[in-house]
Protein chains: 2
Amino acid sequence: MDARKRRILGTLIDDYIASAEPVGSRTLAKKYGLGISSATIRNEMADLEELGFLEQPHTSAGRVPSDRGYRYYVDELMQRPMVTHDIVHRVRLAFQAPVREIAWFIHQTARMVSDMTAYPSVVVGPPVSDARLGEIRVMQLQPGTLLLVVSTDSGMVENRAVSLPEELSFEELGWLAKEFSREFRGIPINELKDRILDPLSSDVERYHGLWETLLAWMSEWRLSEDRVTLAGPLNILKYPEFRDVSKVQRVLGFLERDDAVEQLLHNTVQDSEHIHVIIGQESTVDAIWDCSVVTATYQVRGQVVGQVSVIGPKRMQYAHVMTTLEIVSEELSRALKWA
Amino acid sequence: MDARKRRILGTLIDDYIASAEPVGSRTLAKKYGLGISSATIRNEMADLEELGFLEQPHTSAGRVPSDRGYRYYVDELMQRPMVTHDIVHRVRLAFQAPVREIAWFIHQTARMVSDMTAYPSVVVGPPVSDARLGEIRVMQLQPGTLLLVVSTDSGMVENRAVSLPEELSFEELGWLAKEFSREFRGIPINELKDRILDPLSSDVERYHGLWETLLAWMSEWRLSEDRVTLAGPLNILKYPEFRDVSKVQRVLGFLERDDAVEQLLHNTVQDSEHIHVIIGQESTVDAIWDCSVVTATYQVRGQVVGQVSVIGPKRMQYAHVMTTLEIVSEELSRALKWA
DNA sequence: ACTTAGCACTCTAGCTACAGGAGTGCTAAT
DNA sequence: ATTAGCACTCCTGTAGCTAGAGTGCTAAGT
């Protein structure tokens with residue numbers, strides 16, 4: 001791979017990303033001042049095809065980058081844009097709010113990213129499975145209705161209004177919540193179910209209904225309910241590679257399956273430094289083999305707890321997306337410092 | 001409109017709903033035992049076209065129902081299926097939970113309806129604008145973080161974790177929340193903003209930050225944030241009339257605009273008894289002129305507070321959808337009785 | 001007077017043939 | 001090593017054609 005080949009490959013991919021049309025040697029020679037003739041470019045392109053970086057849709061069409069071509073482009077060729085202070089400022093502003101709910105930040109992030117990139121965006125929140133119980137508290141709302149507030153050691157607070165088990169008074173419940181918190185503080189949420197069978201007190205039977213409710217809710221919660229937020233799915237419709245409805249169906253169908261998305265992103269990315277790119281068939285999920293996924297992580301207290309990611313056609317604006325995710329994930333981590 | 005015309009029109013629409021293909025006289029005569037020849041049907045169909053119930057895509061194609069045809073079908077012709085006890089039971093079961101959050105019921109409803117009908121479903125929750133303040137309460141979560149719980153007279157409870165204004169102690173806040181609740185109970189949520197300027201106490205200045213936060217949140221809330229829930233949007237992709245991506249874009253683009261959806265449904269339906277059907281160009285929103293919308297209302301304490309609705313191609317399974325919505329809205333009202 | 005068989009007519013969808021254009025690969029000259 | 005030139009390939013768009021489905025009308029039948 002000499003410099004000229006790299007130059008040609010880079011330029012070709014740039015052009016293809018912009019145009020979505022196979023790029024021919026002529027276009028390349030004329031449109032960009034490469035200082036070499038189309039014939040030379042043709043020779044180089046033949047080499048690049050042999051090396052597996054380019055493909056031809058058919059004999060007499062221009063070339064299109066292969067997965068491997070995109071990979072090389074992302075790793076070696078593309079020019080990352082400058083991070084302007086302006087954008088950082090805008091992102092920071094969007095996170096400036098008194099709200100202290102992770103869910104809120106996640107929604108905000110997903111929406112912002114899909115707006116900034118014009119691709120669908122997915123944000124995965126902190127795994128409840130890792131979280132340990134912090135405290136359970138109750139608040140009486142109306143007679144017969146109760147607000148159950150559960151906090152975890154990772155700073156998440158979730159709450160849910162439930163009906164009060166009839167045989168319990170509110171005072172008893174308050175005491176019970178205290179006891180329960182004291183007894184089980186620090187236990188991983190997803191182990192609670194087993195522990196609960198261990199009798200907490202002699203009248204465990206009495207509280208049965210409440211625990212049932214609590215556990216049902218928590219296990220539902222654990223199953224990535226609300227952990228994955230999808231924003232701007234319709235952005236995908238803008239790109240000509242998705243003019244075919246069945247493709248749209250495949251991709252959006254996958255994105256709607258929270259558990260599958262969570263698994264994909266969770267599996268691929270754990271290190272906090274790098275932005276991770278999955279290109280086409282590199283993915284383990286065949287539903288998105290026409291797509292690329294760019295993922296960044298964010299942290300709470302130095303721990304990677306979730307992913308921010310963008311999905312789009314393989315012909316994606318990698319440079320722009322990666323820089324955007326870099327900024328957003330950093331600012332998100334900063335905003336969540338307190339958690 | 002004699003009985004035979006009605007019979008033909010009904011059968012034709014049934015067939016078209018099932019097949020999505022223009023229906024010819026031959027098909028109609030052969031496939032359904034109408035006891036008359038295709039020539040007779042042709043004559044009748046010509047009449048029906050003149051009357052505006054049918055249309056021809058082009059001269060030598062079969063007929064397709066016009067908006068007016070569908071309207072007549074829905075109002076006069078179609079056969080409503082029996083309500084089986086089985087389905088009622090399933091719906092009732094889905095609402096059986098200790099959860100007491102309207103948002104939860106709304107999500108549940110939307111998902112269930114889109115599953116049952118295989119069309120996208122939209123559920124609009126109770127308008128916050130009508131709601132009056134019930135009570136504001138606070139709960140300390142961690143040092144510096146506060147859970148703000150606002151309940152309305154209509155039984156809605158919303159809460160949000162916010163950071164504690166630094167200059168206020170938790171005790172002061174508790175007192176403040178009480179004062180505030182006492183002072184403003186019964187005031188419509190969307191009037192609070194104006195009232196708040198009225199000094200509550202001499203040190204209103206001091207609490208400024210908190211009120212700002214509270215009001216900012218409430219006005220955001222008021223703006224139909226989370227009031228409209230969309231489920232199963234991808235169902236639309238199943239139907240051949242949406243094989244064209246631009247149509248999908250138009251329709252789903254509209255459905256994503258919560259405010260527009262809310263307005264449409266709110267404007268059309270207020271009476272509690274009937275199920276309302278909007279067919280094609282009957283809609284005020286041109287983005288959904290290829291669609292029909294079926295809407296039912298649900299109640300809390302005898303008051304209509306929201307809508308459950310289904311959107312799909314004009315060639316919709318009206319009978320099935322209407323019956324489903326009837327059951328679901330009734331059961332939803334029943335489940336929300338307490339609110 | 002209504003119904004229906006028959007038939008000519010219309011329009012579409014799908015096929016084939018063909019020309020133009022874009023792009024390639026190869027060869028030979030620079 | 002580069003490049004101009006050229007033959008070749010393949011797609012795309014257009015035009016013409018056919019088969020099929022469906023109609024409207026007419027005339028005969030009930």
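This briefing walks through a few features of the structure above, topic by topic. Keep in mind that the model is predicted. Chain A is built with twelve helices and ten strands. We will start with the whole of chain A, then visit a pocket, some aromatic rings, a serine in a helix and two alanines.

**Chain A as a whole**

- Chain A has 339 residues, and 53% of them count as buried.
- Take the contacts in chain A with a separation of 6 or more: residues 24 or more positions apart account for 61% of these.
- The exposed area of chain A is about 15,700 Å², and carbon and sulfur atoms supply 47% of it.

**The second largest pocket**

- Rolling a probe the size of a water molecule over the atoms reveals where empty space remains.
- The second largest pocket has a volume of about 500 Å³.
- This pocket is lined by 26 residues, and those closest to its centre are Arg137(A), Val138(A) and Met139(A), along with Val138(B) and Met139(B).
- Strand E4 (133-142) and helix H7 (170-184) of chain A each give two or more residues to the lining, and so do strand E4 (133-142) and helix H7 (170-184) of chain B.
- By residue type, the lining of this pocket divides into ten nonpolar, six polar and ten charged residues.

**Aromatic rings**

- To describe a pair of aromatic rings, we use the distance of the centres and the angle of the planes.
- Over all chains, the count comes to ten aromatic pairs.
- Tyr70(A) and Tyr318(A) have ring centres 6.0 Å apart and planes at 50 degrees, so this pair is tilted.
- These two tyrosines link distant parts of the chain: Tyr70(A) is in helix H4 (residues 67-77) of chain A, whereas Tyr318(A) is in helix H12 (residues 318-335), 248 residues apart.
- Both Tyr70(A) and Tyr318(A) are buried.
- Tyr119(A) and Tyr239(A) form a stacked pair, with 5.1 Å centre to centre and 25 degrees between the planes.
- The stacked pair also links distant parts of the chain, with its residues 120 apart: Tyr119(A) lies in the loop between helix H6 (102-117) and strand E3 (121-124), and Tyr239(A) lies in the loop between strand E7 (228-231) and helix H10 (245-256).
- Tyr119(A) has a relative accessible area of 3% and is buried; Tyr239(A) is buried as well, with a value of 13%.
- You can also look for a cluster in which ring pairs link Phe95(A), Trp104(A) and Phe105(A).

**A serine in helix H12**

- Ser333(A) is found in helix H12 of chain A.
- Is Ser333(A) buried or exposed? Its relative accessibility is 13%, so Ser333(A) counts as buried.
- Which residues is Ser333(A) in contact with, leaving aside its neighbours within four places in sequence? They are Tyr298(A) and Gln299(A).

**Two alanines with a positive phi**

- Most residues other than glycine have a negative phi.
- Ala118(A) has a phi near 65 degrees, a positive value in a residue that is not glycine.
- Ala118(A) sits in the loop between H6 and E3 of chain A, and at 23% relative accessibility it counts as partly exposed.
- Ala20(B) is not a glycine either, yet its phi is positive, at about 65 degrees.
- Where is Ala20(B) placed? Look in the loop between helix H1 (3-19) and helix H2 (25-31) of chain B.
- The relative accessibility of Ala20(B) is 18%, and buried means under 20%, so this alanine counts as buried.

Terms used. Residues numbered from 1 in each chain as written. Chains lettered and ligands numbered in written order. Predicted model: local features only at pLDDT ≥ 70, side-chain atom pairs only at ≥ 80, totals over all residues. Heavy atoms only, no water. 1 Å grid on protein atoms, 1.4 Å probe; cavity = no way out; pocket = protein on both sides within 12 Å on 5 of 7 lines; lining within 4 Å. Points joined across faces, edges and corners; volume = space filled by probe spheres on them. Helix = DSSP H or I, 4+ residues; strand = E, 2+ residues; numbered from the N terminus. Nonpolar A, V, L, I, M, F, W, Y, C, P; charged D, E, K, R; others polar. Buried < 20%, exposed > 50% of the residue type's maximum accessible area, 1.4 Å probe, protein only. Contact = heavy atoms within 4.5 Å. Areas by Shrake-Rupley, 256 points an atom, 1.4 Å probe, with all protein chains shown as cover. Phe/Tyr/Trp six-rings, centres within 6.5 Å; stacked < 30°, edge-to-face > 60°.
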